[in-house]
Amino acid sequence: MNPRPLVLAIAAIAAVAGAVVLAGPLGAQTNPDDILDGVVRSYGDLSASWLERVLPLALKTFALLATLEFAVSGLFWALGRESLDVIAAALLKKFIVLAFLFSLLTLFPLWLPAVTRGFEVAGQTASATSALSPSRVLDLGITISEHMQASLEEVGLLANPAGVLIGCATSI
């Protein structure tokens, strides 16, 4: 008697039993609709920690690049034939732009949530829904895909094969 088939059968039964045992707790842990929302919540919670670590690096990089910008511009202004008032006006414009960009960088944690909330409100207004979350957007996409598939079934493949194939690809 060859023991190899018996070992393979026992291994297969053990693998199936392990999958059944592990699938129960894993499937019971989360609601499938909450998976995408959980990712968004996790990102929001963790973004505060990486922002604190990255902001000083970004400010140092900005200061270095701004210094290089002023040095190169000063070199061009010194070699050029512009008058002093033209150079002063160009320096003031460059300073205003760099100050604006610096304020965007330092106030990033303040204005980014307002911008993203604005996009969320615009999406709620456009879709005429009160709550907008990643899971809800996925559900709306599935609903739209189902409607597209139903209308493509009515047309039939032989009536317009290219249109039906493009429609199927679009709905997927």
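At what angle do helix H5 (residues 134-155) and helix H6 (residues 161-171) pack, and how far apart are their axes? In this predicted model, local features require a pLDDT of at least 70 and side-chain atom pairs count only at pLDDT 80 or more, whereas totals for chains, interfaces and linings use all residues. Residues are numbered from 1 along each chain as its sequence is written, and side-chain values use heavy atoms, with hydrogens and water left out.

Helices H5 and H6 (helices being DSSP runs of H or I with at least four residues, numbered from the N terminus) pack at an angle of about 165 degrees, with their axes 9 Å apart; axes are lines fitted to C-alpha atoms over the stretch in contact, and angles run from 0 to 180 degrees between N-to-C directions. H5 is therefore roughly antiparallel to H6, a term for angles over 145 degrees. The crossing of these two helices is left-handed, that is, the near helix is turned anticlockwise from the far one by less than a right angle. Contact (heavy atoms within 4.5 Å) involves Ser145, Met148, Gln149, Leu152 and Val155 of H5, together with Gly163, Val164, Gly167, Cys168, Thr170 and Ser171 of H6. These residues comprise five nonpolar, six polar and no charged, where Ala, Val, Leu, Ile, Met, Phe, Trp, Tyr, Cys and Pro count as nonpolar, Asp, Glu, Lys and Arg as charged, and the others, Gly among them, as polar.

The axes of H2 and H5 come within 7 Å and cross at roughly 140 degrees. Here Asp34, Leu36, Asp37 and Val40 of H2 meet Pro134, Ser135 and Leu138 of H5, a contact of four nonpolar, one polar and two charged residues. Helix H3 (residues 84-106) packs against H4 at about 80 degrees, with the axes 5 Å apart, and the two are therefore roughly perpendicular, the term for 65 to 115 degrees.

The largest pocket has a volume of about 290 Å³, the volume being the space filled by probe spheres set on grid points joined across faces, edges and corners. A pocket is an open set of points on a 1 Å grid over the protein atoms alone where a 1.4 Å probe fits, with protein on both sides within 12 Å along at least five of seven lines, and lining residues have an atom within 4 Å of a point. Seven lining residues, the largest share, come from H2, and the lining comprises nine nonpolar, three polar and no charged residues.

Methods: Angles under 35 degrees count as roughly parallel, over 145 as roughly antiparallel, 65 to 115 as roughly perpendicular and the rest as oblique.
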